[in-house]
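Dear colleague,

I am handing over the structure we spoke about, and I would be glad if you could look through it before reading my notes.

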Amino acid sequence: MRRLFALLAVAMMVVGLAGCGASQSGTQTGGITVRDPWVRAAMMNMAGDQSGAMGNMQQSTPMAGMGGGHSHGSEYGNTAVSAAYMVLVNNGAADAIVKAESDVAKSVELHNVIMENNVMQMRQVEAIEVPANGQVELKPGGLHVMLIGLNRDLKEGDEVVIKLTTRSGKTIEVKAPVRKP
Ligand SMILES: [Cu+2]
């Protein structure tokens with residue numbers, strides 16, 4: 001009887017692994033994978049135009065007052081910024097993105113956009129949760145990976161490498177093409 005259980009367990013593991021391999025189609029990690037990544041085109045010298053990363057947001061909403069301080073224009077001043085978007089697809093247990101890194105910017109943060117006093121503002125978030133067997137879309141006007149202090153221009157056709165770290169300890173390397181929004 002015990003032996004039967006052992007055999008059963010091994011059989012289940014094999015089936016499980018095979019299923020996993022098939023659904024991953026070549027990617028190295030189970031759990032979260034990235035689909036359709038892109039980075040918003042932005043120039044380092046955008047005198048008077050800080051709309052690079054959040055163009056949609058600023059066009060459709062008034063600037064936050066001086067006290068607000070969380071809209072792009074007032075928070076980042078002359079620092080060139082951009083943002084990365086993608087779909088996070090999770091084939092496994094609930095996980096989250098807890099860190100993002102890239103060579104193209106001095107600092108990289110996880111951000112969300114929220115409404116406060118009728119003004120859309122960006123907020124840094126500690127993690128982007130991705131539910132088990134679910135997906136989360138990072139898109140303009142919502143969750144995004146914020147690139148602050150660009151080291152170079154991001155022109156259409158360029159490729160930006162972004163490294164994401166999951167709460168479960170995996171690293172996901174994303175190669176995101178630069179696009180105009
Ligand atoms: Cu942001």
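Below is what was found in it, going from the chain as a whole to single residues.

Please keep in mind from the outset that this is a predicted model. The chain has three helices and ten strands, and if you follow it along the sequence you will meet them in the order α-β-α-α-β-β-β-β-β-β-β-β-β. Of its 181 residues, 29% count as buried. Among the contacts between residues at least 6 apart in sequence, 74% join residues that are at least 24 apart.

A good place to begin is strand β8, which covers residues 144–150 and is mostly covered, with five of its seven residues buried. Strand β2 (residues 81–90) pairs with β8 in the antiparallel sense over four bridges, while strand β4 (residues 105–116) is joined to β8 by six bridges and also runs antiparallel to it. Which residue of β8 is the bridge partner of S82? That partner is L147, and L147 is also the bridge partner of V108. A further bridge partner in β8 is L150, which is matched with A105.

Strand β4 has another pairing, since six bridges join it to strand β5 (residues 119–124), again in the antiparallel sense. Within this pairing, I114 stands opposite Q121 of β5. The two strands form a hairpin with two residues between them, where N117 takes a positive phi near 50 degrees.

Turning to the interior, the largest nonpolar core has 33 residues, and those with the most contacts inside it are A84, V145, L147, L150, V160 and I162. At least two residues of this core come from each of β1 (32–40), β2, β3 (95–102), β4, β6 (128–130), β8, β9 (159–166) and β10 (171–179). The largest share, six residues, is supplied by β2. For I162, leaving aside residues up to four places away in sequence, the residues touched are A84, A100, S102, V145, V174 and A176.

Two further residues may help you find your way around. M86 lies in strand β2, and it counts as buried because it has 24 C-beta neighbours inside 10 Å, where the cut-off for a buried residue is 20 or more. Beyond residues up to four places away in sequence, M86 touches V34, R35, D36, P37, L138, V174 and A176. Its C-alpha atom is separated by 8.6 Å from that of A176, although the two residues are 90 apart along the chain.

The other residue is I128, which has its place in strand β6. Why does I128 count as buried? The reason is that I128 has 23 C-beta neighbours inside 10 Å. With residues up to four places away in sequence again set aside, I128 touches L88, A96, I97, L110, V136 and L143. I128 and T166 are 38 residues apart in sequence, and their C-alpha atoms are 9.2 Å apart in space.

If you open the model yourself, you might start from L147, since the bridges from S82 and V108 can both be followed from there.

With best wishes

Notes: Residues numbered from 1 in each chain as written. Predicted model: local features only at pLDDT ≥ 70, side-chain atom pairs only at ≥ 80, totals over all residues. Buried ≥ 20, exposed ≤ 12 C-beta atoms within 10 Å, placed from the backbone. Contact = placed C-beta atoms within 7 Å. Pairing = 2+ DSSP bridges. Core = buried A, V, L, I, M, F, W, Y, C linked by C-beta atoms within 7 Å.
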